[in-house]
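Visitor: I have not seen this protein before. Could you walk me through it, one question at a time?

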Amino acid sequence: MTKRILLAAVLLLLVVSGFSRTTAQEMPPPVATFSILGYDPETGEVGGAAQSRVFTRTGVLTADAYAGVVATQAIVDVSYGPKGIALLKQGLTPDAIIKAIWESDPDPVPDRWTKQGRQFAVINLKGETATFTGPKATTWAGGKQGKYCTAQGNILAGPAVVENMVKAFEETKGHLSLRFMAALEAGQKAGGDTRGMQAASMVVVKKGEGVWLNNDTVLRFQVDDQENPFKELRRIVENWNAIRAKNGARAVKPGPQNE
């Protein structure tokens, strides 16, 4: 019995020690990011695109063809993505999801990675959106909602970045990927990230509309560590659309994805 108690005490000490190191570790510096989430009512596709001054964009966009898309950026807690998707599946509105996630955030590293600086956005399968920017997000930080879209960013040149993104998305014709590309380029033209460019990503989903069987991902593109990621992402998007047109665009049923 004594040996068991001693072993349990050692294990507890190791767990606590590991937790202390994890919570006390040096957090990375904030990075500038802007993103757009959007929905196409004619096809039922939903997705998002992002650009950031950081090596990889895998933590920003979380997409689910049975729920919608969540973007989480700024003082990032990547758990916001799957939490948002889970709440979308429960039927909560984007506004309610924003409130529920942020208020339940325990703010585990308030001195160096406070929840007061987080920024995230949600879009559902009806194109309804919500966006949130914490009061301590690095300026300029904010968002703008449009028709079936929402744009948000931090450490930006100014509000014109997100305003131009929404305008470009609403005015651009063609596939959702082309509208996202136009929005990202418009945001960069307005000044974009004040720290510069490095990586960009894009995702579009719809139930059963991916390539091959049992795939809901229409497309997922990622460009890392580029002096101008927009140039490469534009090339990929245009080639994808050209091949899609040549092969005969797969019929996409109109209407909401959750029908």
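**Helix α3 and the core**

Guide: In this predicted model, helix α3 spans residues 94–104, and its buried residues are P94, I97, I98, I101 and W102.

Visitor: Within what arc do the buried residues of α3 fall, seen down its axis?

Guide: The buried residues of α3 line one face of the helix, because, seen down the axis, they fall within an arc of 115°. On the other side of α3 there are exposed residues, D95 and E103. The arc asked for is therefore 115°.

Visitor: Which elements do the buried residues of α3 pack against?

Guide: Contact here means heavy atoms within 4.5 Å. By that criterion, the partners of the buried residues of α3 are one helix and two strands, namely α2 (80–89), β5 (118–124) and β6 (129–133).

Visitor: How many residues does the largest nonpolar core have?

Guide: Those with the most contacts inside this core are I36, M165, F180, M202 and L233. At least two of its residues come from each of β1 (33–39), β8 (149–154), α4 (160–171), α5 (176–189), β9 (199–205), β10 (217–223) and α6 (229–246). The number of residues in the largest nonpolar core is 28.

Visitor: What share of the residues of the protein count as buried?

Guide: A residue counts as buried when its relative accessible area is under 20%. The protein, whose secondary structure comprises 6 helices and 10 strands, has 259 residues, and the share of them that count as buried is 47%.

Terms used: Residues are numbered from 1 along each chain as its sequence is written. This is a predicted model: local features need pLDDT of at least 70, side-chain atom pairs count only at pLDDT 80 or more; totals for chains, interfaces and linings use all residues. Side-chain values use heavy atoms; hydrogens and water are left out. Buried means under 20% relative accessible area, exposed over 50%, partly exposed in between (1.4 Å probe, protein chains only). Helices (H or I, at least four residues) and strands (E, at least two) are DSSP runs, numbered from the N terminus. The arc is that of the directions from the helix axis to the C-beta atoms. A nonpolar core is a set of buried Ala, Val, Leu, Ile, Met, Phe, Trp, Tyr and Cys residues joined through side-chain atoms within 4.5 Å.
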